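Here is a short set of exercises to work through with the structure open beside you. Try each task yourself, then read the solution one step at a time.

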Amino acid sequence: MNKSHPRRLVVLALLVLAFVIVGLNHYSGRDSFGGHASSLHPTPTTGKQQSPATSDQPYRRALFGEAWADVDHNGCDTRNDILRRDLTDTDYSTKPGRQSIREGYGQGVSSCPNATVYSGILHDPYSGTTIRFQRGESTSAKVQIDHIIPLHYFYVHGGADLVNRGKSSILETFANDPDNLIAVSGVANKAKGSRGIAAWKPNNAAYQCSYAQHWADVARKYAPQGLSIAAKDRDAISALLATCRSAH
């Protein structure tokens, strides 16, 4: 009897097991966005994500909580937090001259009493222009806070399911996450609307690489919470980043 026969069977079984493990790791691994592949793939038949809550829970801004809520409890609403981060030459008081945040302490509006941005300069990344911001009923809208991945897009691509599963708090977190927010021209923000990156990119070509990277970073961050990215947007991000890498 050939005593090596059982040994060859054991070796063969181990090789088969190895191939199975490699295959499982491949299909459950992470894709180029850093998220799990299954969480970022679109619905195969339509190219769109299907959400069981979309029909009976249509999108409403209120589903994402109070607009610009102070979710980090720093005593200031999210809009003013982002204006303070993104604008230069900021003024924190209505008094003549430019007042520092220390000098303007206690002179702000109720939602941000100690750090309300009354004026400043925005070097708009979307248009490449410079905008002078002045807080006021008829002037504030010149500078708006954009959600890089729009709220409506998030809702359609996973957010509705979170509502269905009683996890609406993730929507409020997403709506106020500084990683997904940027101060931009009001005109550019309105032009973008709720469109994905395949349908809209900033006119400022110098910022398009950063814009694509922001999309990829936010997609990676919220993939574990259920955010999925449509195939056309995944392709647009990949193409843009590939072009950016080749340009350097």
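Two residues are in contact when heavy atoms of theirs lie within 4.5 Å. Keep that in mind for the tasks below, and remember that this is a predicted model.

**Exercise 1. The whole chain**

Task: Find how many helices and strands the chain has, and in which order they run.

Solution:
- Step 1. Begin with the count: there are 8 helices and 5 strands.
- Step 2. Now walk from the N terminus; the order is α-α-α-β-β-β-β-α-α-β-α-α-α.
- Step 3. Turn to contacts between residues at least 6 apart in sequence: 67% of these join residues at least 24 apart.
- Step 4. Finish with burial and surface. Of the 248 residues in the chain, 42% are buried. The chain exposes about 13700 Å², and carbon and sulfur atoms supply 56% of that area.

**Exercise 2. A pair of helices**

Task: Describe how helix H7 and helix H8 cross, and which residues make the contact.

Solution:
- Step 1. Recall what is needed: two packed helices are described by the angle between their axes and the distance between the axes.
- Step 2. Locate the pair: H7 covers residues 208–222 and H8 covers residues 231–247. Their axes come within 9 Å and cross at roughly 135°.
- Step 3. Name the arrangement. Angles over 145 degrees would count as roughly antiparallel and 65 to 115 as roughly perpendicular, so H7 is oblique to H8.
- Step 4. Add the handedness: the crossing of H7 and H8 is left-handed.
- Step 5. List the partners. H7 contributes Gln208, Cys209, Ala212, Gln213, Trp215 and Ala216, while H8 contributes Ile237, Leu240, Leu241 and Cys244.
- Step 6. Sort them by class: this contact has 8 nonpolar residues, 2 polar ones and no charged ones.

**Exercise 3. Two residues to place**

Task: Decide whether His157 and Gln99 are buried or exposed, and say where each one sits.

Solution:
- Step 1. Take the cut-off: buried means under 20% relative accessible area.
- Step 2. Apply it to His157, which sits in helix H4 (residues 151–164). Its relative accessibility is 9%, so His157 is buried.
- Step 3. Look across the sequence: Ser228 is 71 residues away from His157, yet the two C-alpha atoms are 5.3 Å apart.
- Step 4. Move to Gln99, found in the loop between strand S1 (88–91) and strand S2 (119–123). With a relative accessible area of 15%, Gln99 is buried.
- Step 5. Set aside neighbours within four places in sequence; Gln99 then touches Thr90, Asp91, Tyr92, Ser93 and Gly104.

Note on methods: Residues are numbered from 1 along each chain as its sequence is written. This is a predicted model: local features need pLDDT of at least 70, side-chain atom pairs count only at pLDDT 80 or more; totals for chains, interfaces and linings use all residues. Side-chain values use heavy atoms; hydrogens and water are left out. Axes are lines fitted to C-alpha atoms, for helices over the stretch in contact, and angles run from 0 to 180 degrees between N-to-C directions. Helices (H or I, at least four residues) and strands (E, at least two) are DSSP runs, numbered from the N terminus. Angles under 35 degrees count as roughly parallel, over 145 as roughly antiparallel, 65 to 115 as roughly perpendicular and the rest as oblique. A crossing is left-handed if the near helix is turned anticlockwise from the far one by less than a right angle, and right-handed if clockwise. Ala, Val, Leu, Ile, Met, Phe, Trp, Tyr, Cys and Pro count as nonpolar, Asp, Glu, Lys and Arg as charged, and the others, Gly among them, as polar. Buried means under 20% relative accessible area, exposed over 50%, partly exposed in between (1.4 Å probe, protein chains only). Accessible areas come from the Shrake-Rupley method with a 1.4 Å probe; for residues, only the protein chains shown count as cover.
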